[in-house]
Amino acid sequence: MPQYTPPLRDMQFVLHEMLNVEGALKKLPPHADIDAATIDSVLEEGGKFCAEVLYPLNRVGDREGCTYHGDGVVTTPTGFKEAYQQFVEAGWGGLGMDPDYGGQGLPHVVHSAFMEMMNSANQAWTMYPGLSHGAYNALHAFGTDEQKNLYLPKLVSGEWTGTMCLTEPHAGTDLGILKTKAEPNADGSYSITGTKIFISAGEHDMAQNIVHLVLARLPDAPGGTKGISLFIVPKFIPKADGSLGKRNAFKCGAIEHKMGIHGNATCVMNFDGATGWMVGAPNKGLMAMFVMMNSARLGVGMQSLGLAEVAYQNSLAYAKERLQSRSLTGPKLKDKPADPIIVHPDVRRMLLTQKAYVEAARAFTYWAGLAIDVEHKHPDEKVRKDNADLVALLTPVVKGFITDNGYESTTLAMQVLGGHGYISEWGLEQHVRDARINMIYEGTNTIQALDLLGRKVLGDMGARLMKFGKAMQAALAPFGEMSEMQEFLAPFNALQSEVQKLTMEIGQRAMKNPDEVGAAAVPYLRLIGHLVFSFAWCYAAGVALRKQDSGDAFYKTKLVTARFYFAKLYPETAALIAQARAGSQSLMELEAASF
Ligand SMILES: Cc1cc2nc3c(=O)[nH]c(=O)nc-3n(C[C@H](O)[C@H](O)[C@H](O)COP(=O)(O)OP(=O)(O)OC[C@H]3O[C@@H](n4cnc5c(N)ncnc54)[C@H](O)[C@@H]3O)c2cc1C
């Protein structure tokens, strides 16, 4: 039967042995007192909640899905509501949130690790509180004091959930053409009218109130993205004391039937003169929404990390049990009719690919979580700015690279089980279906790639990329003297200089033809993903080499996985460089009619 065990040992390796979070957090005044033991016990408890409460609901949610009852009423699968109640009562929702609004104020990096486990256990369920977290971030950054005092405590406690309402039937990637209207009322509020589609957690029965953050246009707004404002539109309009007032003028018109994440309600929302309040300045809504979108993009990376981990665990357990064929080098279990499939080189390729992707993704996302803590809480402005630059540069890579790998990993996990992987009973096919959406929503992975290459790299003439390069070199410098490190450092250094060369080439070509950016962006993002992963594997190998005589097999396994990464996955970089270099001509030559 499917199973999930929180991978606490590897999480601790990343947090304590790679990132030294306790030391890093000591430099951030709000977190100076937190120690490794506290972090471990929070994650151990959180892991129990994920494995014991959320995971058993994962297949129930997939099978039952959400139900639309007409007249705007949506119910979630059996057990979802009760699990959410437990989550709220235990205070898990407020883990990384501001104590001024009732949160526990733990560092973002700890919250990230908890999110990984929640997503392994049940991505569809986790999206309900996950979206609240994004709404909290946007309101925390841009809300007035009155808005913060009214909404944040309820979002922090989890009594209310949040959503992000961007997409319209004709406006997905291109938000500049959205049509939802916001007309000013005499009392300072706005009347919101329009239809939003694909709104995750738009309507459900898990919380008393749902706080929608809606993008809309003022009557005199300029066209395009410069004319979009952001509004809070609550399902029940709260009174000043936070109690629920009258029902607002909008409804869920339908829920979508879809490939995966069945337990999460994907809603059509019809706003019909609904009352809303502006967040931030007029026509600057996209900027405020970007806070929510960036947090969601990192969150989507965590979704795929979580799914890839649970899929890996199940395919590994199966590969150790399933007896088929003999090992090419002769029988390993002579008293059995066949050997376990883990003896076969290609089954090992599939398992090690998942393992290498998962463990590097864990290091990458937790590092990003820690960088967000430093960006917001370090006393030195320059350190804050440097970390903000790295987070901005790497957010599209977390989203794009980890979700692409997450889909590949879950597909490989399914393949390890052969035909049994395709059968629902084992749970693997659900992970594949669930993982697929992560490459699409929160900006498709193509859009992430364009953001990375166009805006984040070429947009500042490579300054952030250079800063990142220096940061990686500085982090690896202590391992530079170790002769055993050369097998890892040499390919990493080679890739870093290839990336520099390629970036300059694309930059020069893009000055003559902007399509060159669009043509190179997707392989370029994958290439940067590999640059980050080869850095992560160098660092992990360095830590493991120092401890290889400890007698703990964990470090040997790390080293072998690092070698596997460089031998079998890193070589993709040569093909990616060739693809990015191949330019736009073969893509753009045909007229649309000639396809
Ligand atoms: C299950 C689910 C949940 C969702 N949840 C939410 C939510 O909570 N809130 C919300 O607001 N939205 C949500 N969405 C919407 C989601 O974010 C959009 O589907 C996504 O941004 C893509 O928009 P689109 O579907 O209109 O595709 P389009 O924008 O029409 O894109 C179609 C294709 O064209 C490509 N493309 C478009 N423009 C460009 C370009 N400039 N350059 C290169 N390629 C381009 C895209 O990459 C894509 O491959 C959800 C969607 C789904 C399916």
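A polar side-chain atom of Thr173 lies 2.5 Å from an oxygen atom of the ligand in this predicted model, a polar contact being a pair of N or O atoms within 3.5 Å. Two nitrogen contacts accompany this pair: a polar side-chain atom of Thr167 is 2.7 Å from a nitrogen atom of the ligand, and a polar backbone atom of Phe198 is 2.7 Å from a nitrogen atom of the ligand. The protein covers 63% of the 970 Å² of accessible area that the ligand has on its own (Shrake-Rupley method, 1.4 Å probe).

The ligand is surrounded by 19 residues, of which Met164, Thr167, Thr173, Phe198 and Thr444 come nearest (a residue is near if one of its heavy atoms lies within 4 Å). This shell comprises 10 nonpolar, seven polar and two charged residues. At least two shell residues each are supplied by β3 (160-165), β5 (190-200) and α13 (445-457) (DSSP runs, with at least four residues for helices and at least two for strands).

The second largest pocket has a volume of about 850 Å³. Its lining contains 30 residues, and Leu19, Trp367, Leu370, Ala471 and Ala475 are the closest to its centre. Pockets are open sets of points on a 1 Å grid, probed at 1.4 Å, with protein on both sides within 12 Å along at least five of seven lines; lining residues have an atom within 4 Å of a point. The largest share of this lining, seven residues, comes from α14. By class, the lining divides into 22 nonpolar, four polar and four charged residues.

Residues are numbered from 1 along each chain as its sequence is written. Local features of the predicted model need pLDDT of at least 70 and side-chain atom pairs pLDDT 80 or more, while totals for chains, interfaces and linings use all residues, and side-chain values use heavy atoms, without hydrogens and water.

Conventions:
Polar contact = N/O pair within 3.5 Å; in protein donor to acceptor, adjacent residues only side chain to side chain. Nonpolar A, V, L, I, M, F, W, Y, C, P; charged D, E, K, R; others polar. Points joined across faces, edges and corners; volume = space filled by probe spheres on them.
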